[in-house]
Amino acid sequence: MVLVNIPALKEYGDLDKFPNSELTELAASAWNKVADLLQQTAKKLNAELVDLEFELESIYNVRYQIYPPSWIKEQIELAKHRNQTI
């Protein structure tokens, strides 16, 4: 199952770059790229991670969770603040 945050995609994503792609396929591909980066980072730090690869079973098995854009912006600002204090 793929979780897709539609308001965030509309506000921060550029879906026009992928006109012939299913949204769920894009989400799965993006997750696998992030997972690969995490695995590479863990390897350089001599850490071990569980297998993070995501296999998309069906492009039709989707659960939508809609967040208000104001909440998303608030969370991004909180994350920026947390990163500044580290």
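Trainee: Which residues make the nonpolar surface patch of about 340 Å²?
Mentor: This is a predicted model, and local features need pLDDT of at least 70. Patch members must have over 30% relative accessible area. Leu-38 has a relative accessible area of 40%. Leu-38 joins three others, and the patch is Trp-31, Val-34, Leu-38 and Leu-49.

Trainee: Where is the place of Leu-38?
Mentor: Leu-38 is partly exposed, because its relative accessible area is 40% and partly exposed runs between 20% and 50%. The residue sits in helix 2, residues 23–44.

Trainee: Is Asp-51 buried or exposed?
Mentor: Asp-51 lies in the loop between helix 2 and strand 2. The cut-off for exposed is over 50% relative accessible area. Asp-51 has 64% relative accessibility, so the residue counts as exposed.

Trainee: Which residues form the negative surface patch?
Mentor: Asp and Glu count as negative. Like charges are joined within 9 Å. Asp-51, at 64% relative accessibility, is one of the members. The full set is Asp-51, Glu-53, Glu-55 and Glu-57.

Trainee: How many Å apart in space are Asp-36 and Glu-53, C-alpha to C-alpha?
Mentor: Asp-36 lies in helix 2. Asp-36 is partly exposed, with 41% relative accessible area. Glu-53 belongs to the negative surface patch. In sequence, Asp-36 and Glu-53 are 17 residues apart; in space, C-alpha to C-alpha, the separation is 7.8 Å.

Trainee: And Ser-29 with Phe-54: how many Å apart in space are they, C-alpha to C-alpha?
Mentor: Ser-29 also has its place in helix 2. Its relative accessible area is 34%, so Ser-29 is partly exposed. Ser-29 and Phe-54 are 25 residues apart in sequence, and the C-alpha to C-alpha value is 8.3 Å.

Trainee: What percentage of contacts between residues at least 6 apart in sequence join residues at least 24 apart?
Mentor: A contact means heavy atoms within 4.5 Å. Take those in the chain between residues at least 6 apart in sequence. The share that joins residues at least 24 apart is 62%.

Trainee: In what order do the elements of the chain run?
Mentor: The chain has 3 helices and 2 strands. Read them from the N terminus on. The order is β-α-α-β-α.

Trainee: What percentage of the chain do buried residues make up?
Mentor: The chain has 86 residues. Buried means under 20% relative accessible area. Buried residues make up 12%.

Trainee: What percentage of the exposed area do carbon and sulfur atoms supply?
Mentor: The chain exposes about 7,300 Å². Of that area, carbon and sulfur atoms supply 55%.

Trainee: Which side chains meet in a salt bridge?
Mentor: The structure holds 1 salt bridge. The N to O distance is 3.4 Å, and the cut-off is 4 Å. The partners are Lys-80 and Glu-77.

Trainee: Which helix holds Lys-80 and Glu-77?
Mentor: Lys-80 is partly exposed, at 46% relative accessible area. Glu-77 is partly exposed, with a relative accessible area of 46%. The two are 3 residues apart, about one turn of the helix. They lie in helix 3, residues 69–84.

Trainee: Which residue other than glycine has a positive phi near 60°?
Mentor: Look in the loop between helix 2 and strand 2. The residue there counts as exposed, because its relative accessibility is 73%. The residue is Asn-46.

Conventions:
Residues numbered from 1 in each chain as written. Predicted model: local features only at pLDDT ≥ 70, side-chain atom pairs only at ≥ 80, totals over all residues. Heavy atoms only, no water. Patch = residues over 30% accessible without salt bridge, like charges linked within 9 Å, V, L, I, M, F, W, Y side chains within 5 Å. Areas by Shrake-Rupley, 256 points an atom, 1.4 Å probe, with all protein chains shown as cover. Helix = DSSP H or I, 4+ residues; strand = E, 2+ residues; numbered from the N terminus. Buried < 20%, exposed > 50% of the residue type's maximum accessible area, 1.4 Å probe, protein only. Charge placed at Lys NZ, Arg CZ, Asp CG, Glu CD.
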